[in-house]
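Please walk through the fold shown below, beginning with its strands, moving on to the helices, and ending with the empty spaces between them.

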Amino acid sequence: GSSVEFDWCAVNTSRRLKELGEKTIIINSNPETVSTDYDESDRLYFEQLTAERVRDIADFENLKGIIVSVGGQIANNLVNPLSKHGYPILGTDPKYIDMAEDREKFSSLLNTMQIDQPAWIAVHSFEAACEFADRVSYPVLIRPSFVLSGAAMNVVFNKAQLAQYLKEASLVSKEHPVVVSQFIENAKELEIDGVADKGDVIIEAMSEHIENAGVHSGDATIVLPPQKLYLETIRRTKKITRQIVKALNITGSFNIQFIAKNNAIKVIECNLRASRSSPFASKVTNHNFIRIATEAIMGKHVRRDYETLELEYVGVKTPQFSYSRLKGANPVAHVEMASTGEVATMGDNLLDAFLTSWKANEQNIKSKRI
């Protein structure tokens, strides 16, 4: 667990595995997290999440299998180097994880299934970026290669900004192309957290972002179940989710992010792992997504119906920021993640949940927790 959300996922995975009679090993280099408590697993390694260290541990322990899908993106990045050396990855087949992670492969898959997505291109030159931006029209989203949490991402609204950003950042090179995407204004962002078993959805929970698309999901205010979406938007999104899950033959956790505008649904990305919002979805719906995912991965899940949409209450997750402690910080949420924590609350309705969340934020600030 590289943060508190994925720490929660790792611990719940270990607990369910132990209940299923399996011996568990957790690898984590962060002593501040619960997953490094001595009684949460049979063996614990304070090691960095690198392919070399994990391979050393796997060789020494003679593992039955490795679960990488609950440790965040850093852990998920180990799929290719581990599978290429023959280490057993439990859950979704590594070739499908690679298909979801590789932007070109995933884009091609969506095109094959005739699923819409924002236009994008990987560019190696300023001229190519300008040509694409002129074709799809400004604004466009610029994203350097190999970044986490939206680092160095930016939205540009004209050619002058495009030139300034690319040249100042020194991002354009043949080795590390820049991804330029169409940026859709005044659109709603929504996401689905779910669990699947061999390409069939077991459970899914849809949440909507209060802010328009363009705010990083880690900084967005998230509402579950959705309160302002059209029924047709919900229906189409769930249909697309089933298509993607089937095509990637997913077993375990997944998270798919969408943009919706006037009932037109576009897929942003698909992560074949637990997400930052997995604990939130689990606690609001009262169904532990990670326990269910662990059962699916081990082939022990018993099918049943789960209700996650028609709840009698509303859950809200709001970000926490430390702007007051950072001199010169720009207190405006955008595509690069800036939050340092979060508060989740529940209420009888959306307003009630928001007020409870606001009071919790105020208490945190007064107690100097953030």
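In this predicted model, strand 7 (residues 188–197) and strand 8 (residues 200–212) pair in the antiparallel sense, and nine bridges join them. One residue pair that can be picked out on screen is K188 with N212, the latter being the bridge partner in strand 8.

These two strands belong to a wider arrangement, an open sheet of seven strands in the order 11-10-7-8-9-12-13, with antiparallel pairing. Strand 11 (264–271) and strand 13 (341–347) stand at the edges of this sheet, and because each has a single partner strand, one side of each is left without a neighbour in the sheet. Neighbouring strands of the sheet are turned against each other by 25 degrees on average, if direction is ignored.

Two helices can then be placed against the sheet. Helix 9 (residues 231–247) packs on the sheet and touches strand 7, strand 8, strand 10 (252–261) and strand 11, while its direction makes about 130 degrees with that of strand 8. Helix 11 likewise packs on the sheet, where it touches strand 7, strand 8 and strand 10, and its direction makes about 40 degrees with that of strand 7.

Another packing arrangement to examine is that of helix 5 (residues 94–101) and helix 6 (residues 103–112), whose axes lie 5 Å apart and whose packing angle is about 90 degrees. It is because of this angle that helix 5 counts as roughly perpendicular to helix 6. In the contact itself, D98, M99, A100 and E101 of helix 5 meet R103, K105, F106 and L109 of helix 6. Sorted by class, the residues of this contact comprise four nonpolar and four charged, with no polar residue.

What remains is the space that the atoms leave unfilled. Rolling a probe the size of a water molecule over the atoms shows where such empty space is left. How many cavities of 30 Å³ or more does the count give? The count comes to two.

The largest cavity has a volume of about 60 Å³, and the residues that line it are V68, S69, I89, L90, G91, T92, I97, T251, G252, S253, L272 and I297. By class, this lining is made up of six nonpolar and six polar residues, with no charged residue.

The second largest cavity has a volume of about 30 Å³, and its lining consists of T13, I67, S69, V70, S253, I290, A293, T294 and I297. Helix 11 (residues 289–297), already met on the sheet, gives the most to this lining, with four residues. Here the classes come to five nonpolar and four polar residues, again with no charged residue.

Turning from cavities to pockets, the second largest pocket has a volume of about 700 Å³. Of the 30 residues that line this pocket, I25, I26, G65, I66 and I67 are the closest to its centre. Helix 1 (4–19), strand 1 (25–27) and helix 2 (51–61) each supply at least two residues of the pocket lining, and helix 1 gives the most, with four residues. The lining of the second largest pocket divides into 16 nonpolar, eight polar and six charged residues, whereas the lining of the largest cavity has no charged residues. One residue, I67, can be followed through both kinds of space, since I67 is listed among the residues closest to the centre of the second largest pocket and also lines the second largest cavity.

Methods
Residues numbered from 1 in each chain as written. Predicted model: local features only at pLDDT ≥ 70, side-chain atom pairs only at ≥ 80, totals over all residues. Heavy atoms only, no water. 1 Å grid on protein atoms, 1.4 Å probe; cavity = no way out; pocket = protein on both sides within 12 Å on 5 of 7 lines; lining within 4 Å. Points joined across faces, edges and corners; volume = space filled by probe spheres on them. Nonpolar A, V, L, I, M, F, W, Y, C, P; charged D, E, K, R; others polar. Axes fitted to C-alpha atoms, helices over the stretch in contact; angles between N-to-C directions. Parallel < 35°, antiparallel > 145°, perpendicular 65-115°, else oblique. Contact = heavy atoms within 4.5 Å. Pairing = 2+ DSSP bridges.
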